[in-house]
Amino acid sequence: MALLGPPGCGKGTQGAVLKLKLQLAHISTGDLLREAVDHGTRVGLEAGKLMAEGKLVPDDLVLDLVRKRVEKEGAGYVLDGFPRTLAQATGLDLITDDIGQGLDHVVSLSVPREEVARRLGGRKCCPDCGRLYHQTFSPPREPERCDDCGSGLVIRDDDREETVLERIRVYECQSAPLLGFYEEKGLLRDVDGSGAPEEVTARLLSAVGHER
Ligand code: AMP
């Protein structure tokens, strides 16, 4: 399955829930790239600056990361934040042809622009384990500390206001055309991504034919 939608639509949150509920590997290209940046790899060095500016990382770098991970995971995965361009979608077709397992569903999580800005506005993350928090919707138990590992929370570079606006613009120009691509293939399921995470999960599971 692939999860599409603007930044802040809940792809990361729902990807983590689907991993547990449907026993799928959760493959987030944002997480893979942040890991590469933290480790200072060649990909990380090239990706870091673009990510901090809210721009997309080149398709060939991302496709390479995804191919390695999908080949390693084998059956059953949820792609979060990938594909983001038509070139990535056609590249993914080649990968899935090679492993003999195509996408069953492409879920588009729709959230109004104002709600996206509100959600990303208060977002903080744990620099060590990557868990996301929101000062209003999902605050940590102890202010500014991660519930899981106790590290101090930070604002991701790409969650700063000017970068958020650029990420929304990039989504609308480069990623929104993917909806037509998957609609034509009969794979697209449009899911209302507004409201509480549990409500979105229930809609999503029903859209892909799994009740809770
Ligand atoms: P995310 O965590 O999915 O919001 O991704 C954070 C940032 O990583 C994005 O703003 C991009 O700079 C980069 N990124 C993540 N996934 C991709 C992708 N599929 N293609 C290009 N860049 C990506």
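A polar contact is understood here as a pair of N or O atoms within 3.5 Å, and by that criterion a nitrogen atom of the ligand, at 2.8 Å from an N or O atom in the side chain of Gln88, makes such a contact in this predicted model. Two further contacts of this kind involve the backbone: a backbone N or O atom of Gly81 lies 3.0 Å from a nitrogen atom of the ligand, and a polar backbone atom of Val57 is 3.1 Å from a ligand nitrogen. There are 16 residues around the ligand, and those that come nearest are Thr29, Lys55, Gly81, Arg84 and Gln88.

Several of these residues can be followed outward into the protein. Thr29 belongs to helix α2, and because its relative accessibility is 4%, below the 20% limit, it counts as buried. Apart from neighbours within four places in sequence, Thr29 is in contact with Val62, Val66, Asp80, Gly81, Phe82 and Arg84, so that Gly81 and Arg84, which are among the residues nearest the ligand, are also partners of Thr29. Phe82, another of these partners, leads into a cis peptide bond to Pro83, with omega near -5°. Pro83 itself is found in the loop between β3 and α5. Most peptide bonds are trans, and most residues other than glycine have a negative phi.

Gln88, the residue whose side chain contacts the ligand, directs attention to helix α5, where Gln88, Ala89, Gly91, Leu92, Ile95 and Thr96 are buried. These residues cover an arc of only 160° around the axis, which puts them on the same side of α5. An α-helix has 3.6 residues a turn, so residues three or four places apart point the same way. The other side of α5 carries Leu94, Asp97 and Asp98, which are exposed, while the buried residues pack against α4 (59-73), β3 (77-80) and α8 (178-184). The length of the helix can be checked as well: for the 14 residues of α5 (residues 86-99), a rise of 1.5 Å a residue predicts a span of 20 Å, and the C-alpha atoms at its ends are indeed 20 Å apart, which agrees. After α5 comes Gly100, whose phi is positive, near 70°.

The packing of the interior can be described through its nonpolar cores. The largest of them has 28 residues, and within it Leu79, Leu103, Val106 and Tyr182 have the most contacts. At least two residues of this core come from each of β1 (2-4), β2 (25-28), α2 (29-39), α3 (42-52), α4, β3, α5 and α8, and α4 gives the most, with 5 residues. For Val106, the contacts beyond four places in sequence are with Ala2, Leu4, Tyr182, Leu187, Leu188 and Arg189. Apart from this core lies another, of 18 residues, among them Val78, Val111, Val116 and Val208.

Val116 leads to helix α6 (residues 113-121), in which Glu115, Val116, Arg119 and Leu120 are buried. Their arc around the axis is only 125°, which puts them on the same side of α6. Glu114, Arg118 and Gly121 are the exposed residues carried by the face turned away from that buried side, and what covers the buried residues includes β5 (123-125), β6 (132-134) and α7 (161-175).

Strand β6 holds His134, which is buried, with a relative accessible area of 7%. The side chain of His134 reaches the backbone oxygen of Arg119 at 2.8 Å, and a polar atom of that side chain lies 3.5 Å from the backbone nitrogen of Gly122. Not counting residues up to four places away in sequence, His134 touches Arg118, Arg119, Gly122, Arg123 and Pro139.

Two residues remain to be noted for their backbone angles. Gln23, in the loop between α1 (11-22) and β2, has a phi near 50°, a positive value in a residue other than glycine, and with 65% relative accessibility it counts as exposed. Glu144 lies in the loop between β6 and α7 and, although it is not a glycine, has a positive phi of about 65°; at 40% relative accessibility, Glu144 counts as partly exposed.

Definitions and conventions. Residues are numbered from 1 along each chain as its sequence is written. This is a predicted model: local features need pLDDT of at least 70, side-chain atom pairs count only at pLDDT 80 or more; totals for chains, interfaces and linings use all residues. Side-chain values use heavy atoms; hydrogens and water are left out. Helices (H or I, at least four residues) and strands (E, at least two) are DSSP runs, numbered from the N terminus. The expected span of a helix is 1.5 Å times one less than its number of residues. Buried means under 20% relative accessible area, exposed over 50%, partly exposed in between (1.4 Å probe, protein chains only). The arc is that of the directions from the helix axis to the C-beta atoms. Contact means heavy atoms within 4.5 Å. A nonpolar core is a set of buried Ala, Val, Leu, Ile, Met, Phe, Trp, Tyr and Cys residues joined through side-chain atoms within 4.5 Å. A residue is near a molecule or strand if one of its heavy atoms lies within 4 Å of it. A polar contact is a pair of N or O atoms within 3.5 Å; within protein, one must be able to donate a hydrogen and the other to accept it, and residues adjacent in sequence count only if both atoms are side-chain atoms.
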